[in-house]
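Here is a short set of exercises to work through with a structure viewer open. Try each task yourself before reading its solution.

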Amino acid sequence: MSLLTILLQADPAQGGNSWSFWIMMILIFVIMWLFMIRPQQKKQKELERQRNEMKPGDKVVTAGGIHGKIDKISEEVLTIEIAKGVSIKVDKSSVFVAPPTEKKEDKDKKEDKDKKEDKDKKEIKKAD
């Protein structure tokens, strides 16, 4: 006999416990909340906090990718200076605090450190 005929002859499954269905649905919702909804809510709160703490002189990036410094702040609109004498008004919700940029000196130190590590690795390989 083939497996298919055995499965077709088996008794149909009995009506399962309805509690197990509801427990499984609740468990799936809890897992979704823990791994998807909660982290997104935390991220939104952090972004809102950063927007409320903005002050003139802070470097920002708009949702369109324009970098500049805050010149003036009002309730919902920011005036951002993107070049000397060039300012634009943008909605506060479309602005993000710019991440701090590395100074050239820090980049040079990091590159020197990487080069030294590479040189040390080559010397170790030669010794083997």
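The exercises below deal with confidence, the sheet, two of its residues, the core and an aromatic pair.

**Exercise 1. Find where the confidence of this predicted model is lowest and where it is highest.**

Solution. Start with the overall picture: the mean pLDDT of the protein is 81, and 77% of the residues score at least 70. Next, go through the elements. Helix α1 (residues 3–9) has the lowest confidence, with a mean of 66, while strand β4 (residues 86–91) has the highest, at 94. Keep in mind that predicted coordinates should not be read in detail where pLDDT is low.

**Exercise 2. Work out the order of the strands in the sheet and say which strands stand at its edges.**

Solution. Begin with the pairings. Strand β1 (residues 59–62) runs antiparallel to β2, with 3 bridges between them; Lys59 has Lys69 of β2 as its bridge partner. These two strands make a hairpin with 4 residues between them, and Gly65 in that turn has a positive phi of about 95°.

Now step on to the next pair. β2 and β3 are antiparallel too, over 4 bridges, and they form a hairpin with 3 residues between them. Two positions help you to find the register: Lys72 has Thr79 as its bridge partner in β3, and Ile73 stands opposite Leu78 in β3.

Putting the strands together gives an open sheet of 5 strands in the order β4-β3-β2-β1-β5, with antiparallel pairing. The edges are β4 and β5 (95–97), each of which has a single partner strand, so one side of each lacks a neighbour in the sheet. On average, neighbouring strands of this sheet are turned by 45° against each other, direction ignored.

**Exercise 3. Decide whether Asp71 and Thr79 are buried, partly exposed or exposed, and list what each one touches.**

Solution. Place the residues before judging them: Asp71 belongs to strand β2 (residues 67–73), and Thr79 to strand β3 (residues 77–83). Asp71 has a relative accessibility of 34%, so Asp71 counts as partly exposed. Thr79, at 14%, falls under the 20% limit and is therefore buried.

Then look at contacts, leaving out residues up to four places away in sequence. Asp71 touches Pro56, Thr79, Ile80, Glu81 and Ser87. Thr79 is in contact with Lys69, Ile70, Asp71, Lys72, Ser87, Ile88 and Lys89. As a distance check, the C-alpha atoms of Asp71 and Lys89 are 9.7 Å apart, with 18 residues separating the two along the chain.

**Exercise 4. Identify the residues of the largest nonpolar core, then follow the contacts of Ile70.**

Solution. The core has 7 residues: Met54, Val60, Ile70, Leu78, Ile80, Val90 and Val95. Take Ile70 and set aside its neighbours within four places in sequence; its contacts are then Met54, Lys55, Pro56, Gly57, Asp58, Val60, Leu78 and Thr79.

**Exercise 5. Count the aromatic pairs and classify the geometry of the rings.**

Solution. The count comes to 1 aromatic pair. Its rings, from Phe21 and Trp22, have centres 5.3 Å apart and planes at 75°, so the pair is edge-to-face. To finish, check accessibility: Phe21 is partly exposed, at 46% relative accessibility, whereas Trp22 is exposed, with a relative accessible area of 52%.

How values were computed:
Residues are numbered from 1 along each chain as its sequence is written. This is a predicted model: local features need pLDDT of at least 70, side-chain atom pairs count only at pLDDT 80 or more; totals for chains, interfaces and linings use all residues. Side-chain values use heavy atoms; hydrogens and water are left out. A nonpolar core is a set of buried Ala, Val, Leu, Ile, Met, Phe, Trp, Tyr and Cys residues joined through side-chain atoms within 4.5 Å. Buried means under 20% relative accessible area, exposed over 50%, partly exposed in between (1.4 Å probe, protein chains only). Contact means heavy atoms within 4.5 Å. Rings of Phe, Tyr and Trp (its six-membered ring) pair if their centres lie within 6.5 Å; planes under 30 degrees apart count as stacked, over 60 as edge-to-face and the rest as tilted. pLDDT is the predictor's confidence in each residue, from 0 to 100. Two strands pair if DSSP finds at least two bridges between them. Axes are lines fitted to C-alpha atoms, for helices over the stretch in contact, and angles run from 0 to 180 degrees between N-to-C directions.
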